[in-house]
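Biologist: Please take me through the packing and the empty space in this model, and give the reason behind each label.

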Amino acid sequence: KAQYAKGKMFGKIISFFQSRLIFNNLINVGKIITAPFRPKKKKIEGLLNIVYFKGCVNQICPRTDRYLNKIFKNSINIIEPNFECCGLPFLSEGNLKRFEECAETNIKLLPKDYDYLATDCASCESTLLDYKNYTQSPIDDLKTVNWGDIIAKQNIKFKFNKHVKVTFHKPCHLKSDKFFESIIQNCENVEYVKMDNYDDCCGFAGSFSLKNSKLSVQISKQKAQNINKTNADYVITTCPACIAGLKQGLFFTGGRAKVVSLLEFLAKADEQ
């Protein structure tokens, strides 16, 4: 892909829009606009230090900060270096130089002392773990987790006043989903129904949905049919891109389930 992109005009156009000048400034504008809507954080000695890799979506969307604030209630320290994009969009288009640039920048920004490096985007998690294949990466695989892993380790309890039925979509890039059933067991009045082929692709897959729109819709519709069979109120996942793919499928099949991230669902709990 990298060799192909270098010799094509389309590759050069993509590289321009993925440059720091264009891509980073778009993200920075979003961060500035949403900053007033994010809860302020203060460091408390003696608590777990979690480095949060937000990913591009959450950099411009303040809701996830509020979800984390409600779920953890200042029981952990959340550290947020000024990370760049994980680099996956660049790697996917063969823009290897830009990907390595992001990887090296993010590695330099990673604190020397932390307990976990957490993300709620499975694609970001997978890419961070993939840095070692392209750079001299010090990222510890065991410390790089999904927020769900931390919630499960903390054994946080959630109470929903009304009975809700949920199902779960495992993103292709998610390292492990062992945390999910542990969390659901700690959710009072929540019934989990495992869908058929719960770990099949949602059909979105980033630029794939644009380049192969018909096939993307076909895959999404099949996924939605499996969701619809569960009659779930919510379909939960841990990847912003998968949320888009699941919504696409449910739109075309008339599904009633609401698509939410794990953090959004847990923040809906009436009591913790």
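Biologist: What makes Ile71, Ile151, Phe158, Ile183 and Cys187 contacts of Leu266, leaving aside neighbours within four places in sequence?
Modeller: The model is predicted. Contact requires heavy atoms within 4.5 Å, and Leu266 is in contact with each of Ile71, Ile151, Phe158, Ile183 and Cys187; therefore each has heavy atoms within 4.5 Å of Leu266.

Biologist: Why is Leu266 placed in a nonpolar core?
Modeller: A core takes in buried residues of certain nonpolar kinds, joined through side-chain atoms within 4.5 Å. Leu266 is in the largest such core, which has 70 residues. Since buried means under 20% relative accessible area, Leu266 must fall below that value. Those with the most contacts inside this core are Leu266, Phe72, Trp147, Ile151, Phe158 and Phe265.

Biologist: Why is the space lined by Trp147 and Asp120 called a cavity?
Modeller: In a cavity a 1.4 Å probe fits but cannot get out. The lining here consists of Asp120, Asn146, Trp147, Gly148, Thr237, Thr238, Ser261, Leu262 and Leu263. At about 40 Å³, this largest cavity passes the limit of 30 Å³ or more, under which the count comes to one.

Biologist: Which helices supply at least two residues each to that cavity lining?
Modeller: They are α9 (147–154) and α14 (262–267). By class, the lining has three nonpolar, five polar and one charged residues. Gly148 goes with the polar ones, because Gly is counted there.

Biologist: What makes the space around Leu88 and Pro89 a pocket?
Modeller: A pocket is an open set of points with protein on both sides within 12 Å along at least five of seven lines. The largest pocket holds about 1000 Å³ and is lined by 37 residues, with Leu88, Pro89, Gly206, Ser207 and Ala241 nearest its centre. Helices supplying at least two lining residues each include α6 (88–92), α11 (208–211) and α13 (240–253). The lining divides into 24 nonpolar, nine polar and four charged residues.

Biologist: How do you know which element gives the most to the lining of the second largest pocket?
Modeller: β8 (258–261) gives four residues, the most of any element. α4, α5 (63–72) and α13 also supply at least two each. This pocket has about 300 Å³ of space and 18 lining residues, of which Cys61, Arg63, Ile243, Ser261 and Glu264 lie nearest its centre. Its lining has eight nonpolar, five polar and five charged residues. Arg63 and Glu264 belong to the charged class, because Arg and Glu are counted there.

Methods:
Residues numbered from 1 in each chain as written. Predicted model: local features only at pLDDT ≥ 70, side-chain atom pairs only at ≥ 80, totals over all residues. Heavy atoms only, no water. 1 Å grid on protein atoms, 1.4 Å probe; cavity = no way out; pocket = protein on both sides within 12 Å on 5 of 7 lines; lining within 4 Å. Points joined across faces, edges and corners; volume = space filled by probe spheres on them. Buried < 20%, exposed > 50% of the residue type's maximum accessible area, 1.4 Å probe, protein only.
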